[in-house]
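Work through the exercises below with the sequence and the 3D view open. Try each task before you read its solution.

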Amino acid sequence: MQQHPQQIFRTAGPSPLHSIEVPGGKDITLLLKREDLLYHPSAPEFCGNKWRKLKYNLYEAADLGHETLLTFGGAFSNHIAAVAAAGRLLGFRTIGLIRGEADAANNPTLAKAQDYGMELHFLTRTMYREKNDPAFRQKLTHQFGEVFILPEGGSNELALKGCEELADEIVLQSGTKLPDVVCCAAGTGGTMAGLIRGFGGKTHLMGFPALKGSFMTAAVQDFLPQADPGNWSINNDYHFGGYAKHSPQLIEFIRKFHQQHQILLDPVYTGKMLFGVFNLIEKGHFAAGSTVLAIHSGGTQGNSGMNLRMGEKLLPE
Ligand SMILES: *Cc1c(COP(=O)(O)O)cnc(C)c1O
């Protein structure tokens, strides 16, 4: 390892808070917490909530003397991209176990991960499902030696600790008046769980799952011991059919948002969440005079891969 990760994190942030004009002249203040701007220039895929979630994991790996990070993800995963970039930045060897076929290795996300030096191995869907089994973990140690294992999406206790700091930062930046509602995208629910803990009930957190189904409440609760105070809800209305699914309406929203604000959104997480926030504002869901803060959690590294899959460069990159 070249340097302790502390040296990178110590001087970073806070990420800026931007005010966004609300359509339709509604009496709502909309703020965007620009976590997408939280990255190191030589490793821009290591950003957003992955920056927060990896922080204490990287400290731990360094403190325990690990030289290798091993993790799991899909072929377009922001987490895989972030771990590869972080590994290069900090001098860890990185190994990515990817769900699916080796022909995905040419997609922009995995090509970049390999540029950063990540070693890729492809797992069948059946094998991938076994990734948390003790026997499988033992096999990994056998094959790769001593490795620091990060779970899929990077969600663990140390990731929650990093996301608690995001809540602290929002509280500090808000001064005497906290936002009435804080909105964020959700995949595994780890970011939400950390934010819930960090806010300690001081404001309402609304999560927007990128996946179809009603499991997110249970997923978030699983991360939190009973004692954690909660003031939060899940909005399941804006998943657009499921993970990595989208619609022309969503793509159009992302294009317009980019034109208007010069801010990139991604179609998997932040685009859906902000589409939802705008739609709820339009429908009068938030009380007049409310301040709504939306967290831009990053993730735009995936846009070029999505454009390739769509066969047309519809998304800004
Ligand atoms: C990974 C990711 C999420 C989901 O975070 P979880 O902690 O898994 O819920 C949200 N937004 C972006 C941009 C991401 O990359």
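## Exercise 1: A12 and its loop

A12 is partly exposed, with a relative accessible area of 30%. Buried means under 20% relative accessible area, exposed over 50%, and partly exposed in between (1.4 Å probe, protein chains only).

Before you start, note that this is a predicted model: local features need pLDDT of at least 70, side-chain atom pairs count only at pLDDT 80 or more, and totals for chains, interfaces and linings use all residues. Residues are numbered from 1 along each chain as its sequence is written, and side-chain values use heavy atoms, with hydrogens and water left out.

**Task.** Place A12 in the loop between helix 1 and strand 1, and find its contacts.

**Solution.**
- Step 1. Find helix 1 (6-10) and strand 1 (17-20); A12 sits in the loop between them. Helices (H or I, at least four residues) and strands (E, at least two) are DSSP runs, numbered from the N terminus.
- Step 2. Set aside the neighbours within four places in sequence. A12 is then in contact with L38 and W51. Contact means heavy atoms within 4.5 Å.
- Step 3. Now go to I196. I196 and A12 are 184 residues apart along the chain, and 23 Å separate their C-alpha atoms.
- Step 4. Stay in the loop between helix 1 and strand 1, and find P14 there. The peptide bond from G13 to P14 is cis, with omega near -5°.

## Exercise 2: Two domains and a ligand

**Task.** Why does the ligand lie between domain 1 and domain 2?

**Solution.**
- Step 1. Mark the domains. Domain 1 is 5-39 + 156-310, and domain 2 is 43-154. These bounds come from an automatic or database domain assignment.
- Step 2. Take the centres over C-alpha atoms: domain 1 and domain 2 are 24 Å apart. To the contact, domain 1 gives 31 residues and domain 2 gives 29 residues.
- Step 3. Look at the shell around the ligand. Both domains give residues to this shell, so the ligand lies between them.

**Task.** Which residues come nearest to the ligand, and which polar atoms lie by its oxygen atoms?

**Solution.**
- Step 1. There are 15 residues around the ligand; K50, K53, G187, T188 and T191 come nearest. A residue is near a molecule or strand if one of its heavy atoms lies within 4 Å of it.
- Step 2. Check the side chains. A polar side-chain atom of K50 is 2.7 Å from a ligand oxygen atom. For T191, a polar side-chain atom is 2.6 Å from a ligand oxygen atom.
- Step 3. Check the backbone. A backbone N or O atom of G190 lies 3.5 Å from an oxygen atom of the ligand.
- Step 4. Consider cover. On its own the ligand has 390 Å² of accessible area, and the protein covers 97% of it. Accessible areas come from the Shrake-Rupley method with a 1.4 Å probe; for residues, only the protein chains shown count as cover.
- Step 5. Trace the elements. Helix 2 (48-63) and helix 8 (190-199) are those that give two or more residues to the shell. Helix 2 gives the largest share, three residues.

## Exercise 3: Helix 8

**Task.** Is helix 8 largely enclosed or exposed?

**Solution.**
- Step 1. Count the buried residues: 10 of the 10 in helix 8, so the helix is largely enclosed by the rest of the structure.
- Step 2. Name some of them. They include G190, T191, R197 and F199.
- Step 3. Go past the end. G200 follows helix 8, and its phi is positive, near 50°.

## Exercise 4: Buried or partly exposed?

**Task.** Sort S290, G305, F240 and A244 by their relative accessibility.

**Solution.**
- Step 1. S290 is buried, at 9% relative accessibility. S290 lies in the loop between helix 11 (270-282) and strand 12 (291-296). Leaving aside neighbours within four places in sequence, its contacts are D27, I28, T29 and D180.
- Step 2. G305, in helix 12 (residues 303-310), is buried at 2%. Beyond four places in sequence, G305 is in contact with F76 and P108.
- Step 3. F240 is buried, with a relative accessible area of 18%. Its phi is positive, near 55°, in a residue other than glycine.
- Step 4. A244 is partly exposed, at 25%. Its phi is near 65°, also positive in a residue other than glycine. A244 is found in the loop between strand 11 and helix 10.

Note on methods:
A polar contact is a pair of N or O atoms within 3.5 Å; within protein, one must be able to donate a hydrogen and the other to accept it, and residues adjacent in sequence count only if both atoms are side-chain atoms.
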